[in-house]
Amino acid sequence: MLKVGQSLASSVDTTTVIVVRAPKTDVSLTCGGVDMVVGKKGEGDGSSIDPAYIGGAELGKRYADDEAGIEVLCTKPGKGRLELDGRALPLKAAKPLPSSD
């Protein structure tokens, strides 16, 4: 189970994330097609990632799935794509600012 504030690292590249919002159910969060592990340091250089799983996370961006109830913040970018239960984890859209009319 993921917990708010938990640091996760990729085992195939340098990607690291922090859980901002944790789902109520157990989910599989992967990077580059491999499960992320608890920790603050990515273990690989990205050379072992299957090309089907390339599409790296961007530094400082949030990735979220409202249906699953998860949100993560990328603290270190890498080459691997973030996925939740086999689906690409989408970049969270910015909230529109109110108009100043």
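This is a short talk on the fold of one protein, from its overall build down to a single leucine.

Okay, before anything else: what we're looking at is a predicted model. So what is it made of? Strands, basically: there are nine of them, and zero helices. If you walk along the sequence, the pattern just reads β-β-β-β-β-β-β-β-β.

Let's do the overall build. The C-alpha atoms fill a box of roughly 50 × 25 × 25 Å along the principal axes. The radius of gyration is 14 Å, and that agrees with the value near 13 Å for a compact globule of 101 residues. Of those 101 residues, 37% are buried. And if you take the contacts with a separation of 6 or more, 61% of them join residues 24 or more positions apart.

Now the outside. The accessible surface is about 6100 Å², and carbon and sulfur atoms own 54% of that. As for charge, I count 13 positive and 14 negative side chains, with the centres of the two sets 7 Å apart.

On to the sheet. In what order do the five strands of the open sheet sit? Going across, it's 5-1-2-7-6, with antiparallel pairing. Strand 5, residues 37-38, and strand 6, residues 62-65, are the edges; each has a single partner strand, so one side of each has no neighbour in the sheet. And a quick reminder for anyone new to this: strands in a sheet pair through backbone hydrogen bonds, parallel or antiparallel.

Have a look at strand 7, which covers residues 70-76. On one side, strand 7 pairs with strand 6 over four bridges, in the antiparallel sense. On the other, strand 2, residues 16-21, pairs with strand 7 over five bridges, also antiparallel. You can pick out individual partners here. Y63 has V72 of strand 7 as its bridge partner. E71 is a fun one, since R21 stands opposite E71, and A64 stands opposite E71 too.

How does the chain get from strand 6 to strand 7? Through a hairpin, with four residues between the two strands. In that hairpin, G69 takes a positive phi near 80°.

Last stop: L91. Where does L91 lie? You'll find L91 in the segment after strand 9, and strand 9 itself is 87-88. L91 has a relative accessible area of 43%, which makes it partly exposed. And which residues does L91 touch, leaving out anything up to four places away in sequence? The answer is K61, R62 and Y63. Y63 is the residue we just met as the bridge partner of V72. One more distance for you: L91 and A57 are 34 residues apart in sequence, but from C-alpha to C-alpha they are 8.7 Å apart in space.

That's my tour, thanks.

Definitions and conventions: Residues numbered from 1 in each chain as written. Predicted model: local features only at pLDDT ≥ 70, side-chain atom pairs only at ≥ 80, totals over all residues. Heavy atoms only, no water. Pairing = 2+ DSSP bridges. Rg over C-alpha atoms; globule rule 2.2 N^0.38 Å. Buried < 20%, exposed > 50% of the residue type's maximum accessible area, 1.4 Å probe, protein only. Contact = heavy atoms within 4.5 Å. Areas by Shrake-Rupley, 256 points an atom, 1.4 Å probe, with all protein chains shown as cover. Lys, Arg positive; Asp, Glu negative; His and termini not counted. Charge placed at Lys NZ, Arg CZ, Asp CG, Glu CD.
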